[in-house]
Amino acid sequence: MNVLRRLFVLAAAAATALAQSSSYTDSGITFQGITVATYDITIGFVTPPAGSADTDEFIGEIVSPTSNKWIGLALGGQMANNLLLVAWPNGDDIVASPRFTSGYVQPTAYAGPTLTTLSQTSVDADTWRWVFRCQNCTSWAGDGTSGTLDTTGSPVIAWAVSFEAVDDPSDPDSNFSEHDDFGFWGEVFSDASSSSYSSYT
């Protein structure tokens with residue numbers, strides 16, 4: 001775990017060397033995001049237009065082959081002391097959970113964010129797609145720490161993938177094993193705002 005901690009810190013410090021997000025359109029929504037080619041995962045974000053009162057939210061997307069059993073996002077660029085979003089398929093549905101941990105251990109459920117699965121979400125034999133609205137998701141606090149997501153700049157965000165299903169796929173608070181791989185990118189939120197945001201929700 002000490003090795004992982006060093007990797008997270010080094011990656012966050014080297015943000016300028018990371019891959020940067022770009023614009024793409026899926027399910028009628030224009031996202032700013034990345035594709036992790038190794039695992040065929042696409043992750044994207046769209047934010048309310050500049051001047052909107054809804055500054056604490058965004059719409060996100062995770063698209064993944066069913067061979068990837070769960071995907072996690074660390075909105076602060078590292079696992080510890082940041083808001084984590086974890087999602088996985090369960091039958092025809094997606095189960096998702098906000099999480100938090102102060103160390104490199106099993107993250108537990110975190111109260112505060114409101115996750116709403118949107119109609120563009122789908123699951124089939126090959127692919128699962130989670131399109132979601134995340135409200136109260138741009139700031140967090142726990143165990144004496146706090147953090148924010150800079151939705152006007154280009155913060156570092158981390159992803160994680162596991163090939164092993166969670167213990168109870170029907171339970172958003174389920175335990176799960178350590179991820180099999182992880183990575184980082186620079187999310188260009190300054191290019192993610194959309195005047196069509198309200199129509200997406």
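This report walks through the fold, the surface and a few individual residues of a predicted protein model.

**Overall build**

Let's start with the big picture. The protein is rich in strands on paper: the count is 15 strands and 2 helices. Its C-alpha atoms sit in a box of roughly 40 × 40 × 30 Å when you line things up with the principal axes. The radius of gyration is 16 Å, which agrees with the value near 17 Å that a compact globule of 201 residues would have. As for who touches whom, take the contacts with a separation of 6 or more: 61% of them come from residues 24 or more positions apart.

**Surface and charge**

Of the 201 residues, 52% count as buried. The accessible surface adds up to about 8800 Å², and carbon and sulfur atoms own 47% of that. On the charge side, you'll find 22 negative side chains and 6 positive ones. The centres of those two sets are 6 Å apart.

**The disulfide**

How many disulfides does the count come to? Just 1. The partners are Cys134 and Cys137, with an S to S distance of 1.9 Å. The link between Cys134 and Cys137 is left-handed, at -75 degrees about the S-S bond. Cys134 counts as buried because its relative accessibility is 0%, under the 20% cut-off. Cys137 counts as buried too, because its relative accessibility is also 0%.

**Two loop residues**

Next, a couple of spots in loops. Ser194 lies in the loop that runs between strand 15 (181-186) and helix 2 (197-200). Is Ser194 buried or exposed? With 13% relative accessibility, Ser194 counts as buried, because anything under 20% does. Setting aside neighbours within four places in sequence, Ser194 is in contact with Val46, Thr47, Pro48, Pro49 and Tyr200.

Glu178 belongs to the loop between strand 14 (156-162) and strand 15. Its relative accessible area is 48%, so Glu178 is partly exposed. Which distance separates Glu178 and Ser162 in space? They are 7.3 Å apart, C-alpha to C-alpha, with their positions 16 residues apart in sequence.

Here are the accessibility values for these residues side by side:

| Residue | Relative accessibility | Class |
|---|---|---|
| Cys134 | 0% | buried |
| Cys137 | 0% | buried |
| Ser194 | 13% | buried |
| Glu178 | 48% | partly exposed |

Key. Residues are numbered from 1 along each chain as its sequence is written. This is a predicted model: local features need pLDDT of at least 70, side-chain atom pairs count only at pLDDT 80 or more; totals for chains, interfaces and linings use all residues. Side-chain values use heavy atoms; hydrogens and water are left out. Helices (H or I, at least four residues) and strands (E, at least two) are DSSP runs, numbered from the N terminus. The radius of gyration is taken over C-alpha atoms; the globule rule is 2.2 Å times the number of residues to the power 0.38. Buried means under 20% relative accessible area, exposed over 50%, partly exposed in between (1.4 Å probe, protein chains only). Contact means heavy atoms within 4.5 Å. Accessible areas come from the Shrake-Rupley method with a 1.4 Å probe; for residues, only the protein chains shown count as cover. Lys and Arg count as positive and Asp and Glu as negative; His and the chain ends are not counted. The place of a charge is taken as NZ of Lys, CZ of Arg, CG of Asp or CD of Glu. A disulfide is a pair of cysteine sulfur atoms within 2.5 Å.
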